[in-house]
Amino acid sequence: MSEKIEEKLFQNRYRVDEGTSHIRVNADKVPSEQLKAMVNICPAGCYQDTEDGKVEVVADGCMECGTCRIVCQETGEVTWQYPRGGYGVLFKFG
Ligand code: SF4
């Protein structure tokens, strides 16, 4: 029996650190192609286009894969760190 990726992701739990995002985007500049691509690349769907042509990140549900950190490393638009202890994703297998 095969499961959809959405069903697998739903098994994860996420503890939100209110008011402290472990990923931030520099929204002052016009977004690079790398940052715009994150809307389609992020496996957790944390990146979204905004109506004013920018890209925003809502890190709730982030799986800490580090992909956005690597993809946007050269542009410097993404500030990334692990969540504080006790917060962030809790993987549940099964
Ligand atoms: S670390 Fe991975 S899951 Fe988290 S926002 Fe970046 S690409 Fe998405």
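The chain exposes about 6700 Å² of surface, and carbon and sulfur atoms supply 50% of it. Keep in mind as you look around that this is a predicted model. Beneath that surface, 28% of the 94 residues of the chain count as buried.

Charged side chains are part of the picture too. The chain has 11 positive and 15 negative ones. If you take the centre of each set, the two centres lie 6 Å apart.

**How the chain is built**

Try tracing the chain from its start. You will meet three helices and six strands, and their order along the sequence is α-β-β-α-β-β-α-β-β. The C-alpha atoms fill a box of roughly 45 × 30 × 25 Å, taken along the principal axes.

How many of the contacts between residues at least 6 apart in sequence join residues at least 24 apart? The share is 65%.

**Three residues to find**

Now let's visit three places in the structure. The table gives the relative accessible area of each residue.

| Residue | Relative accessible area | Class |
|---|---|---|
| His-22 | 6% | buried |
| Cys-42 | 14% | buried |
| Lys-36 | 35% | partly exposed |

Start with His-22, in the loop between β1 (13-15) and β2 (23-25). Is His-22 buried or exposed? His-22 counts as buried because its relative accessible area is 6%, and the cut-off for buried is under 20%. Which residues does His-22 touch, leaving aside those up to four places away in sequence? They are Tyr-14, Ala-59, Cys-62, Glu-64, Thr-79, Trp-80, Gln-81, Tyr-82 and Pro-83.

Next comes Cys-42, which also sits in a loop, the one between α2 (33-41) and β3 (47-49). Cys-42 has 14% relative accessibility, so it counts as buried. For a sense of distance, find Gly-86 as well: Cys-42 and Gly-86 are 44 residues apart along the chain, and their C-alpha atoms are separated by 23 Å.

Finally, look at Lys-36, which lies in helix α2. Why does Lys-36 count as partly exposed? The reason is its relative accessibility of 35%, because partly exposed covers the range between the buried limit of 20% and the exposed limit of 50%. Setting aside residues up to four places away in sequence, Lys-36 touches Pro-31 and Val-55. Lys-36 and Val-55 are 19 residues apart in sequence, while their C-alpha atoms are 6.5 Å apart in space.

Technical notes
Residues numbered from 1 in each chain as written. Predicted model: local features only at pLDDT ≥ 70, side-chain atom pairs only at ≥ 80, totals over all residues. Heavy atoms only, no water. Helix = DSSP H or I, 4+ residues; strand = E, 2+ residues; numbered from the N terminus. Buried < 20%, exposed > 50% of the residue type's maximum accessible area, 1.4 Å probe, protein only. Contact = heavy atoms within 4.5 Å. Areas by Shrake-Rupley, 256 points an atom, 1.4 Å probe, with all protein chains shown as cover. Lys, Arg positive; Asp, Glu negative; His and termini not counted. Charge placed at Lys NZ, Arg CZ, Asp CG, Glu CD.
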